[in-house]
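The following exercises ask the reader to work through a structure step by step. Please attempt each task before reading its solution.

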Amino acid sequence: MPSNAKNVRKCCVCHGHADKSELLRFVRTPDGQICFDETGKADGRGVWIHDRAECKVKAVRRKILNAAFKTAVAEEVYGRLETE
């Protein structure tokens, strides 16, 4: 799938491209909070992760969101990733 197609985003774990509907979005809001974005439209810096077990497990194990947001991410956020 081409990376420049409409509604295509890149998974920050495996670096594969997929449609937004196949990915989970986490966002750092303008006030600095990091949370799961259920709508996919929240204001702020977004990071996308495949909604697959292998990507979710790897994201939690390697603390991928810390690197993506360049800050410490609360364990509750990673816990939310495990339950999605």
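A nonpolar core is a set of buried Ala, Val, Leu, Ile, Met, Phe, Trp, Tyr and Cys residues joined through side-chain atoms within 4.5 Å. Buried means under 20% relative accessible area, exposed means over 50%, and partly exposed lies in between (1.4 Å probe, protein chains only). The structure is a predicted model, in which local features need pLDDT of at least 70 and side-chain atom pairs count only at pLDDT 80 or more, while totals for chains, interfaces and linings use all residues. Residues are numbered from 1 along each chain as its sequence is written, and side-chain values use heavy atoms, with hydrogens and water left out.

**Exercise 1. Describe the largest nonpolar core and the contacts of leucine 65.**

Step 1. The largest nonpolar core has 23 residues, and those with the most contacts inside it are Val13, Phe26, Ile49, Leu65, Phe69, Val73 and Leu81.

Step 2. At least two residues of this core come from each of β3 (23-28), β4, β5, α1 (53-62), α2 (64-69) and α3. Helices (H or I, at least four residues) and strands (E, at least two) are DSSP runs, numbered from the N terminus.

Step 3. The largest share of this core is supplied by α2, with four residues.

Step 4. Contact means heavy atoms within 4.5 Å. Leaving aside residues up to four places away in sequence, leucine 65 touches Phe26, Val47, Ile49, Lys70, Val73, Val77 and Tyr78.

Step 5. As a general point, nonpolar side chains tend to be buried together in soluble globular proteins.

**Exercise 2. Determine the strand order of the open sheet and state how α3 packs on the sheet.**

Step 1. Two strands pair if DSSP finds at least two bridges between them. The open sheet has three strands in the order β4-β3-β5, with antiparallel pairing.

Step 2. Because β4 and β5 stand at the edges with a single partner strand each, one side of each is left without a neighbour in the sheet.

Step 3. On average, neighbouring strands of this sheet are turned by 30° against each other, direction ignored. Axes are lines fitted to C-alpha atoms, for helices over the stretch in contact, and angles run from 0 to 180 degrees between N-to-C directions.

Step 4. The antiparallel pairing of β3 and β4 runs over four bridges; arginine 28 has isoleucine 34 in β4 as its bridge partner.

Step 5. Helix α3 packs on the sheet and touches β3, β4 and β5, its direction making about 165° with that of β3.

**Exercise 3. How many salt bridges does a search of the whole structure find, and which parts does the pair of glutamate 38 and arginine 80 tie together?**

Step 1. A salt bridge is a side-chain nitrogen of Lys or Arg within 4 Å of a carboxyl oxygen of Asp or Glu. The search finds five salt bridges in the whole structure.

Step 2. One of them joins the side chains of glutamate 38 and arginine 80 (3.1 Å, N to O). Glutamate 38 lies in the loop between β4 (34-37) and β5 (45-50) and arginine 80 in helix α3 (residues 75-83), so the pair ties together parts that are 42 residues apart in sequence.

Step 3. Glutamate 38 is exposed at 63% relative accessible area, whereas arginine 80 is partly exposed at 31%.

Step 4. A salt bridge also links aspartate 51 and lysine 56 (3.0 Å, N to O). Aspartate 51 is partly exposed at 44%, whereas lysine 56 is buried at 12%.
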